[in-house]
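Biologist: Hi! Could you walk me through this model while I have it open?
Modeller: Happy to, just ask away.

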Amino acid sequence: MRYEAPDTLDGAVALLAGASGEARVLAGGTDLLVQMRADVVEPDLIVDIKRIPETRAVIREKGGWRVGAAVTGAELKENADLRREWPGVIEAANLIGSTQVQGRATMGGNLCNGSPAADSVPALIAAGAIAAVAGPKGRREIPVEDVMIGPRKLSLTKGEIIVSFLLPPRPKGSSDAYLRFIPRTEMDIAVVGAGVSLTIDGGGAVTAARVALGAVAEKVLLVPAAAPAIVGSRLDVPAQERLEAAARAACRPIDDKRGTVEFRTQVAGVLTRRAALIALDRAREN
Ligand SMILES: Cc1cc2nc3c(=O)[nH]c(=O)nc-3n(C[C@H](O)[C@H](O)[C@H](O)COP(=O)(O)OP(=O)(O)OC[C@H]3O[C@@H](n4cnc5c(N)ncnc54)[C@H](O)[C@@H]3O)c2cc1C
């Protein structure tokens, strides 16, 4: 096995695109190394992207934030401005594993591991985050909801790397939240995860909303019917019920020992409502 740690994107892309056998990007390694130890993957080439400055930066851009794909959850949490504007994204990234895992794990790795239960992905999709991708044919941008197409399946082509995520500007009265259900208190895979981002006007009425659900389908889902269910309301009880119904209607979960179809569908509605109410409280402060 060959290990390379280039310091430019072009160098990383050239290595990945030119590889003859199995090639993998390495970010924090908290999925990849576990899978290699378990012989689930046996790469011929590993391309560590952590020396590439664009993957490690957190900067203001276009009134929003550009967050490098190889920035760890622990590093994200240290940025007070980012935490104030996107508390849901930061809390989702910091639900991943333990303190030790959060010191390594990245949102790029969480997305590219291709798990429908990945914790930071619903929060990124609810945020309307756009993934910046570099590959042999140049750069392109993809909404995060279009990166994962199924369990362990991505829309990225050979040689492509997620470089960063663009989080859009936050209008006044905006915030977000992420909640997950796990049978234990920590260190477990989400049975359901719900991310909500919303904006309210001066009168407290919802003017925009995005909802995404994890672990209830073959990939993390954007729930398009959620916004019309609550936009124009003050998230009163009838609006909450419409929101729950929209979330449940989107679910097509697996049935396994960790959660039946009925249980996951029920919990998806409950978590979506609770996350929306937390986002609403936070939005009132902004
Ligand atoms: C003990 C433990 C607990 C965990 N708990 C959770 C949890 O609670 N919630 C959760 O969601 N996950 C959890 N995980 C899984 C894992 O920590 C996360 O998915 C993490 O975000 C992966 O990030 P990473 O940087 O370590 O990815 P890596 O392991 O480096 O990479 C993961 C995959 O993505 C690819 N990849 C990485 N970055 C890029 C990129 N920029 N562009 C293209 N491909 C890329 C790699 O090739 C690899 O296939 C846990 C793992 C462990 C070991």
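**A chat about the fold**

Modeller: Let me start with a small detail: in the hairpin of β4 and β5, 2 residues sit between the strands, and Lys62 takes a positive phi near 50° there. Keep in mind that this is a predicted model.

Biologist: Where is the place of Lys62, and is Lys62 buried or exposed?
Modeller: Lys62 lies in the loop between β4 and β5. Its relative accessibility is 62%, so Lys62 counts as exposed, the cut-off being over 50%. Lys62 is a residue other than glycine, yet its phi is positive. Most residues other than glycine have a negative phi.

Biologist: Okay, and what about Leu235, what is its phi?
Modeller: Leu235 is not a glycine either, and its phi is positive, about 55°. You will find Leu235 in the loop between α10 (226–230) and α11 (237–250). With 3% relative accessibility, Leu235 counts as buried, whereas Lys62 counts as exposed.

Biologist: Back to the hairpin. How do β4 and β5 pair?
Modeller: Strand β4 (residues 58–61) and strand β5 (residues 64–68) pair in the antiparallel sense, over 4 bridges. Ile59 stands opposite Arg66 in β5.

Biologist: Which sheet are those two strands in, and what is its order?
Modeller: They belong to an open sheet of 5 strands with antiparallel pairing, in the order β4-β5-β10-β6-β7. Its edge strands are β4 and β7 (138–143), and each of these pairs on one side only. On average, neighbouring strands of this sheet are turned by 25° against each other, direction ignored.

Biologist: How many bridges join β5 to β10?
Modeller: There are 4 bridges between β5 and strand β10 (residues 161–167), and the two run antiparallel. Val67 stands opposite Phe165 in β10.

Biologist: Which way do side chains point in a strand, as a rule?
Modeller: In a regular strand the side chains alternate between the two faces of the sheet.

Biologist: New topic: how is the sheet of 3 strands ordered?
Modeller: That open sheet has the order β1-β3-β2, with parallel pairing. The edge strands are β1 (2–4) and β2 (23–26), each pairing on one side only. Neighbouring strands of this sheet are turned by 20° against each other on average, again ignoring direction.

Biologist: What packs on that sheet?
Modeller: Helix α1 (residues 9–18) does, touching β1, β2 and β3, and its direction makes about 165° with that of β3. Helix α1 also lies across β6 (130–135), β7 and β10, where it runs at about 135° to β10. So you can follow α1 to strands of both sheets we discussed.

Biologist: Nice. What is the bridge partner of Val25 in β3?
Modeller: Val25 has Val47 as its bridge partner. Strand β2 and strand β3 (residues 45–48) run parallel and are joined by 4 bridges.

Biologist: Let's switch to helices. Why is α9 described as largely enclosed?
Modeller: Because 8 of the 8 residues of helix α9 (residues 120–127) are buried, the rest of the structure largely encloses α9. The buried residues of α9 include Val121, Leu124 and Ile125, along with Ser120 and Pro122.

Biologist: What comes after α9?
Modeller: Gly128 follows α9, and its phi is positive, near 75°.

Biologist: And cysteines: how many disulfides does the structure hold?
Modeller: The structure holds 0 disulfides. Cys112 has a relative accessible area of 30%, so Cys112 is partly exposed. Cys251, at 13% relative accessibility, counts as buried because the cut-off for that is under 20%.

Biologist: Zooming out, how many helices and strands are there in the chain?
Modeller: The secondary structure comes to 12 helices and 14 strands. The radius of gyration of the chain is 19 Å, close to the 19 Å that the globule rule gives for 286 residues, so the chain is as compact as a globular protein of that length. Its C-alpha atoms fill a box of roughly 60 × 45 × 35 Å along the principal axes.

Biologist: What share of the residues count as buried, and what area does the chain expose?
Modeller: Of the 286 residues, 55% count as buried. The chain exposes about 12700 Å², and carbon and sulfur atoms supply 54% of that area.

Biologist: Last one: what share of the contacts comes from residues 24 or more positions apart?
Modeller: Those residues account for 60% of the contacts in the chain with a separation of 6 or more.

Terms used. Residues numbered from 1 in each chain as written. Predicted model: local features only at pLDDT ≥ 70, side-chain atom pairs only at ≥ 80, totals over all residues. Heavy atoms only, no water. Pairing = 2+ DSSP bridges. Axes fitted to C-alpha atoms, helices over the stretch in contact; angles between N-to-C directions. Contact = heavy atoms within 4.5 Å. Rg over C-alpha atoms; globule rule 2.2 N^0.38 Å. Buried < 20%, exposed > 50% of the residue type's maximum accessible area, 1.4 Å probe, protein only. Areas by Shrake-Rupley, 256 points an atom, 1.4 Å probe, with all protein chains shown as cover. Disulfide = S-S within 2.5 Å.
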